[in-house]
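Visitor: Hey, I've got this one open and I'd like to poke around. Walk me through it, please.

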Amino acid sequence: MSKARSSLARTGAVHVALIAYTLVALFPVFLTIANSFKSRNAIFREPLAVPTPETFSLIGYETVLKQGDFIGYFQNSVVVTVVSIALVLLFGAMAAFALSEYRFRGNTLMGLYLALGIMIPIRLGTVAILQGMVATNLVNTLTALILVYTAQGLPLAVFILSEFMRTVSDDLKNAGRIDGLSEYAIFFQLVLPLIRPAMATVAVFTMIPIWNDLWFPLILAPAESTKTITLGSQIFIGQFVTNWNAVLSALSLAIFPVLVLYVIFSRQLIRGITAGAVK
Amino acid sequence: MAGISKPRRRHGRGADECAHFERHRGCATRKPVRTGQRPMNKREIMMDVGELKRPRRWHILVFLTPALLIYTAVMILPLIETLRQSFFNTVDGEYTFVGLGNFNVLFGDPRWAADFWNALRNNVIFFLIHMAVQNPIGIALAAMLSVPKLRFSAFYRTAIFLPTLLSFVIVGFIWKLILSPIWGVAPYLMDLVGLKWLFAPWLGRPDSALIAVSLISVWQYIGIPMMLIYAALLNIPDEVIEAAELDGVTGWSQFWKIKLPLILPAIGIVSILTFVGNFNAFDLIYTVQGALAGPNGSTDILGTLLYRTFFGFQLQLGDRSMGATIATVMFLIILAGVSLYLFVIQRRMRRYQF
C-alpha cells in the first residue's frame, strides 16, 4: 500500500516537472503568436493575455504583407527546400544502393569519404564556395542554394539509407534479377518503394536545417528576388524593430509553416531520431 | 552479439556475389536461387565467381556519380581550396604563398590576435555552458519521459522538441523581445515568483550577454539530447532493470549505477554533436546581437568573427585570406574534437550489448 502511494507521488512529481518544462518550451512560441493578433496597446498593457474581441487586430499582418514580399520569400524557401530534398533523396538513395548492394573495390573507402560530411560542416568551405559560385555566375540564384544544400544533406542521407537498404531482402532482388529486371529497375521498382519510411525520415532531417538556414542565403543569395523566408524575416524584423505588431506578425508567419509540418510529421521525426540513435 | 552478426554479413556477401553472375543467364539457370531445394553453399558461390570473368558493372558508376559529383564539387573541393587559401595572402599587391604567415598574424598580430582569442574564449565558454546545462536537463527530461506507463509522454516529448525545429532567427528574436526591458515580459514573470530584483537587461550587459545567448541556444537545442538519451534509455532491456530490482537496487541508485553507465555512449554522441554545432555556430548570435556580436564583442564567437572577417562589416573591409585562415582554424578545432571522440573516447567507452 505504502509502496503504491509512493510511486503515485513519484509519478505526480514527474508530471509536475514535465509540465513545467513544457511550459518553458512552449511559452515563448505562444507569447509570440498570441500577441501578433493584438493591437499595439494591448501588446504592451497585457502581454500575457490572449487576444479578445476588443484587443484583436491584424494590423501587424497587414504591415508585413504590404511591406515585405513575404509570399515571394516563402516561395523561394519552398522551391529551395523541396528541390534540395528531392535531389538528396534521389542521389542519396542511388549512392546508398550502390554502396550497400554491390561489392567493388573502394567500397568502404567511398563510404568513409561520403561520411566525412556528417561531421565536418559545409560552412567551413564558404570562402571557396562563394568564389566558385561567383565564377559560375550562380550568385543570387536559387540554384546556388540548392547545390549547397544538396551537398550538405547527402552524407547523412547516404548513411541512413544504406543502413536501411541492407535490410531489404536479397531473395526479392534476386527474384527480380531472374525475372530479367535490370539493376535500375530493381532499384526503382523494388527497393525504393520498400524504403519509403526511411526516405520520409531523411526528408524531415534534411528539411529542418535547410528551411532554417541563415548563413548561405545571407552569403550566396541575398538579393531581393532570391531571399528565403528565414533571411527575409531576419532583414524585415531588423528594419522594423520598433514596430512590434509587424515584428510579432512576421515571426508568427515564419513559425507557422514549421508548426504545421511538425504537427503532421512529428511522429515520423521522433521515430527517426529514436531509431537512428541506436546505431 | 558479435557471434551473430558475422555470419550474417558473410551471407550478405554471398548473395551479392550471386547477384553478379546471375545476370549471366548460365548461372541463373544452373543454380536458380528460387527453387529453394537447398540453401546455396557459400564455397560453391565463391568458386563460381572466381571462374567467371566479371563484366564492367556500369550501373554502379551510374548510381554513385551524381552524389559523388555534387558532394565533391560543392563540399570537399571548396573545403580543400579554403584550407589552401589560408597559406596565401596578398603581399605588396601580389597574391603569394606566405606559409604560416596568416596564422602568425591571427595568433600574434595585435590587430587580429585580441579579436581571435576573445572569440575563441567565448566559443569555449559557449560550449561549456551547453555541456553544463543542456546535458543534465536533457538527461533529467529523458529519464522522466521514460518512466513506464507515463501518461501524456508523447505530448510532452512533442512539445519539448518543438523549439529545436524553429530557426535561429525566430528563436533569437522571440527571446530578444521577451528579455527586453521595454516589453517587460521577463520582469513581469519574475515578479510573479518574487524575483524581480534579479532582472537586468542581460543581453545588453557585457558580463551577462554571453551566458544569456548560450542559455537561449540551450533552450532551443534541449530536444536533441533529450531524444537521443530517451532512445538509449528505452533500449535498456527490462531484464537488466528487473535484475537490479531483485537485488534491491531501485530509484536513485538504480539510475546512477545501472542506467547512467548504459547511456554513456548516447551522452558521448550528444557531446560531440554539441561540440561541432557550437564551434560552427553563427546564426543565433548574428540574429540576437548583430554581426558585431556586442556588447563590446562579449558574444563574439568564431562563426561571427569569420563572417566579419571574410565579408567585411561597416568600416572593416572583407579579407579573403584571413577569412580562409579563420575557417581553417575552425576546421582544425572541429577535426580535433571529432578525432578525439572517434579514436579515444568512443574506443575507451565500454559498450554493453544485450
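Guide: Sure, with one term up front: a residue is buried under 20% relative accessible area, exposed over 50%, and partly exposed in between (1.4 Å probe, protein chains only). The model is predicted, so local features need pLDDT of at least 70 and side-chain atom pairs count only at pLDDT 80 or more, while totals for chains, interfaces and linings use all residues, and side-chain values use heavy atoms, with hydrogens and water left out. Residues are numbered from 1 along each chain as its sequence is written, and chains are lettered from A and ligands numbered from 1 in the order in which they are written.

Visitor: OK, interface first. How many residues does the contact take from chain A and chain B?

Guide: It takes 94 from chain A and 97 from chain B, with contact meaning heavy atoms within 4.5 Å. About 9,000 Å² is buried between the two chains, and carbon and sulfur atoms give 78% of that. Buried area here is the accessible area (1.4 Å probe) that two parts lose on being put together, summed over both.

Visitor: And how many salt bridges between chain A and chain B?

Guide: One. The pair is Arg123(A) with Asp283(B), at 2.9 Å from N to O. A salt bridge needs a side-chain nitrogen of Lys or Arg within 4 Å of a carboxyl oxygen of Asp or Glu. There are also 19 residue pairs in polar contact between the chains, both residues at pLDDT 80 or more. That term means a pair of N or O atoms within 3.5 Å; within protein, one must be able to donate a hydrogen and the other to accept it, and residues adjacent in sequence count only if both atoms are side-chain atoms.

Visitor: Which helix gives the most to the side of chain A that touches chain B?

Guide: Helix α1 (residues 2-36) of chain A, with 17 residues. Helices (H or I, at least four residues) and strands (E, at least two) are DSSP runs, numbered from the N terminus. By type, that side of chain A has 66 nonpolar, 20 polar and eight charged residues. For that split, Ala, Val, Leu, Ile, Met, Phe, Trp, Tyr, Cys and Pro are nonpolar, Asp, Glu, Lys and Arg are charged, and the others, Gly among them, are polar.

Visitor: What does Trp244(A) touch?

Guide: Not counting neighbours within four places in sequence, Trp244(A) contacts Arg40(A) and Phe44(A), plus Leu177(B), Ser180(B), Ile182(B) and Trp183(B). Trp244(A) is in helix α13 (residues 244-278) of chain A and is buried, at 8% relative accessibility.

Visitor: Switching to chain B. Which residues of helix α5 are buried?

Guide: Asn102(B), Phe103(B) and Leu106(B), in a helix that spans residues 101-108. Down the axis of α5(B), these buried residues fall within an arc of 95°, so they line one face; the arc is that of the directions from the helix axis to the C-beta atoms. Asn104(B) and Gly108(B) are exposed on the other side.

Visitor: What covers the buried face of α5(B)?

Guide: Among the elements covering those buried residues are α4 (58-85), β1 (88-91), α6 (110-145) and α16 (320-348) of chain B.

Visitor: Back to salt bridges. How many over all chains?

Guide: Eleven in the whole structure. One of them joins Asp300(B) and Arg308(B), with the closest N and O atoms 2.9 Å apart. Asp300(B) is buried at 2%, and Arg308(B) is buried at 6%. Another pairs Arg111(B) with Asp109(B) at 3.4 Å, N to O; there Arg111(B) is exposed at 64%, whereas Asp109(B) is partly exposed at 21%.

Visitor: Which residues are linked in a network of salt bridges?

Guide: Glu101(A), Asp170(A), Lys173(A), Arg177(A) and Glu183(A).

Visitor: Last one, backbone stuff. What is phi of Phe152(B)?

Guide: Near 60°, a positive value in a residue other than glycine. Most residues other than glycine have a negative phi. Phe152(B) lies in the loop between α6 and α7 (153-165) of chain B and is exposed, at 55%. Asn296(B) has a positive phi too, near 55°. Asn296(B) lies in the loop between α14 (283-289) and α15 (302-311) of chain B and is exposed at 76%.
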